[in-house]
Amino acid sequence: MQVTRRLTCVAIALAGTALFITSGLAHHGWDWAEGENFELTGVITAAQLGNPHGVLTVSANNEKWTVEVGQPWRNERAGLKDAMLAKGVEATFQGHRAKDKNKRVMKAERVIIKGKLYNLYPDRD
């Protein structure tokens, strides 16, 4: 009985550790992005909004880009609604692109739609 209880405790501990590690990897922060500001204007062709953050596919200059926007609460705080990030919407994204120039990926700090600025990260430059 004690052996079974110990094995159960070990299994729970390992599962908890694995969950902690994988959740940390899933939310990767800004390390992959360069420090210089970057701006991209294009048309949204697809949107996957939700946690841990929204991901848009944007067509710009005949290229397909992936643009990460904020978490749902961050977008809402900035006044940005999901319907505004729909297929066919033209927008300008300001933020930081991937350090690897072969990847067309950027993290948006600000979104401009129809001349209105939505500041997702007001504390960032």
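## Fold, nonpolar core and Glu 34

In the protein chain, 54% of the contacts with a separation of 6 or more join residues 24 or more positions apart. The model is predicted. The protein chain has two helices and six strands, and from the N terminus on these elements run α-β-β-β-α-β-β-β. Of its 125 residues, 34% are buried. The exposed area is about 8,100 Å², with carbon and sulfur atoms supplying 56% of it.

The largest nonpolar core holds 22 residues, and within this core Val 67, Phe 93 and Val 111 touch the most other members. Each of the strands in the table supplies at least two residues of this core.

| Strand | Residues |
|---|---|
| β1 | 38-48 |
| β2 | 55-60 |
| β3 | 63-68 |
| β4 | 90-97 |
| β5 | 105-113 |

The largest contribution to this core, four residues, comes from β5.

Leaving out residues up to four places away in sequence, Phe 93 touches Val 67 and Val 111. On the same terms, Phe 93 also touches Phe 38, Glu 39, Leu 40, Ile 44, Leu 56, Val 58, Met 106, Ala 108 and Arg 110.

Glu 34 lies in the loop between α1 (2-26) and β1. Glu 34 counts as buried because its relative accessibility is 14%, under the cut-off of 20%. Neighbours within four places in sequence aside, the contacts of Glu 34 are His 96, Arg 97, Ala 98, Lys 99 and Lys 101. With Lys 101, Glu 34 makes a polar contact from side chain to side chain at 2.6 Å.

How values were computed: Residues numbered from 1 in each chain as written. Predicted model: local features only at pLDDT ≥ 70, side-chain atom pairs only at ≥ 80, totals over all residues. Heavy atoms only, no water. Core = buried A, V, L, I, M, F, W, Y, C linked by side-chain atoms within 4.5 Å. Buried < 20%, exposed > 50% of the residue type's maximum accessible area, 1.4 Å probe, protein only. Contact = heavy atoms within 4.5 Å. Polar contact = N/O pair within 3.5 Å; in protein donor to acceptor, adjacent residues only side chain to side chain. Areas by Shrake-Rupley, 256 points an atom, 1.4 Å probe, with all protein chains shown as cover.
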